[in-house]
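Subject: Handing over a structure

Hi,

Here is the structure I promised to pass on to you. Have a look at it first, and then read on for my notes.

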Amino acid sequence: MSKPGKFITFEGGEGVGKSTNIQWCAEWLMAQGVEVLVTREPGGTPIAELIRNKLLKAHHAEPMMPMTELLLMFAARAQHLQAVIEPALQNGIWVLCDRFTDSTIAYQGFGRGLELETIDTLKQLAQGNLEPDCTFLLDAPVSVGMSRARGRSIETGEQTDRFETEALAFFERVRDGFHTLAATHSRFVIIDAEQPLERVQSELAVSLEVLRGA
Ligand code: Z5A
């Protein structure tokens, strides 16, 4: 597939600032005259948002099995890629996506313990050779992200989701997963998300500038 638009993903644990900074990056790019689409996973289309609702809903009467969770992540992704991401990229639009397949490797692979080869097989089926041009890993200790996310939930009155009920050890494995991915893929830019927002955003701007010139 030819790919005139850039595909940028934002990854990291909960509460590290993905939603805040994806919006900031979109505004920064639009101010430079770049056409931008902000989207998220799981979700990003009406069908994929329905799947998201099933995946995140905290209190199913029966526990969701890890393989079910994995397949639903990729079902949502297949829909999102074909209906939204690929057409936008073809039209020269920059796609900024809050989480993508690296989250599947970190959460379902490292977190839940599903085999990485199985995930890779599904990844090939759903996305072929499409990879992000750049992945920002917003990295902070799990306790920092959790306390920020809790603070935001209290402010907005939002409900706890199914992932947020996991133990600390799960989120530590997820963070290790992101570190492993970042160490082995050159598209990653690691940003220290414990820094004040202005510092985080000035680092993002440096990378966006490079991508604009690429
Ligand atoms: N998941 C999966 O398992 N497998 C997959 O393949 C995919 C996803 C795609 C989706 O959650 C869940 O799905 C996710 C993984 C799983 N579950 N978990 N955990 P999500 O992406 O919708 O939500 P989240 O990951 O839990 O993110 P979040 O809680 O929405 O957080 P965030 O977007 O990273 O952070 P934020 O809302 O921008 O910031 C949180 C607060 O911190 C807010 O008040 C900010 O103003 C504040 N903040 C942000 N940055 C700073 C700095 N630098 N200083 C001070 N305060 C800050």
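Below is what I found, beginning with the ligand and moving on to the salt bridges and one strand residue.

Please keep in mind that this is a predicted model.

**The ligand and its surroundings**

A good place to start is the ligand. The space it takes up is the largest pocket. There are 26 residues around the ligand, and those that come nearest are S19, T20, R52, R99 and T104.

Which helices supply at least two residues each to the shell around the ligand? They are α1, α2, α3, α4 and α6, with α4 spanning residues 101-111. The largest share of the shell comes from α4, which supplies four residues.

If you zoom in, you can pick out some individual contacts. A polar backbone atom of G17 is 3.0 Å from an oxygen atom of the ligand. The side chain of K18 has an N or O atom 2.7 Å from a ligand oxygen. With Q108, the ligand atom is a nitrogen, and a polar side-chain atom of Q108 lies 2.8 Å from it. As for cover, the ligand on its own has 1100 Å² of accessible area, and the protein covers 85% of that.

**Salt bridges**

Next, the charged side chains. The count comes to eleven salt bridges, taking a side-chain nitrogen of Lys or Arg within 4 Å of a carboxyl oxygen of Asp or Glu. Here are some that you may like to find for yourself.

One of them joins E41 and R77, with their closest N and O atoms 2.5 Å apart. This pair links distant parts of the chain: E41 is in the loop between β2 (36-40) and α2 (46-56), while R77 is in helix α3 (residues 66-90), and 36 residues separate them. Are these two partners buried or exposed? E41 has a relative accessible area of 4%, so it counts as buried. R77 is buried too, because its relative accessible area is 2%, and the cut-off for buried is under 20%.

Another salt bridge brings together the side chains of R150 and E14, at 3.5 Å from N to O. Here as well, distant parts of the chain are linked: R150 belongs to helix α6 (residues 142-156), E14 to the loop between β1 (7-11) and α1 (18-31), and the two are 136 residues apart. R150 is partly exposed, with a relative accessible area of 33%, whereas E14 is buried at 13%.

K123 and E131 also form a salt bridge, and their closest N and O atoms are 2.7 Å apart. K123 counts as buried because its relative accessibility is 10%. E131, at 29%, counts as partly exposed.

You will also come across a network of salt bridges, which links E69, R112, R162 and E166.

**A residue in strand β5**

Finally, take a look at I191. This residue lies in strand β5, which runs over residues 188-192. I191 has a relative accessible area of 0%, so it is buried. Where does L138 sit relative to I191? Along the chain the two are 53 residues apart, yet their C-alpha atoms are separated by 5.0 Å.

For a first tour, I would suggest following the order above, with the ligand shown together with α4, the helix that gives the largest share of its shell. After that, you could turn to E41 and R77, the buried salt-bridge partners.

Enjoy exploring, and write back whenever you like.

Best wishes

Note on methods
Residues are numbered from 1 along each chain as its sequence is written. This is a predicted model: local features need pLDDT of at least 70, side-chain atom pairs count only at pLDDT 80 or more; totals for chains, interfaces and linings use all residues. Side-chain values use heavy atoms; hydrogens and water are left out. Buried means under 20% relative accessible area, exposed over 50%, partly exposed in between (1.4 Å probe, protein chains only). A residue is near a molecule or strand if one of its heavy atoms lies within 4 Å of it. A polar contact is a pair of N or O atoms within 3.5 Å; within protein, one must be able to donate a hydrogen and the other to accept it, and residues adjacent in sequence count only if both atoms are side-chain atoms. Accessible areas come from the Shrake-Rupley method with a 1.4 Å probe; for residues, only the protein chains shown count as cover. On a 1 Å grid over the protein atoms alone, a cavity is a set of points where a 1.4 Å probe fits but cannot get out, and a pocket is an open set with protein on both sides within 12 Å along at least five of seven lines; lining residues have an atom within 4 Å of a point. A molecule sits in a cavity or pocket if more than half of its atoms lie within 2 Å of its grid points.
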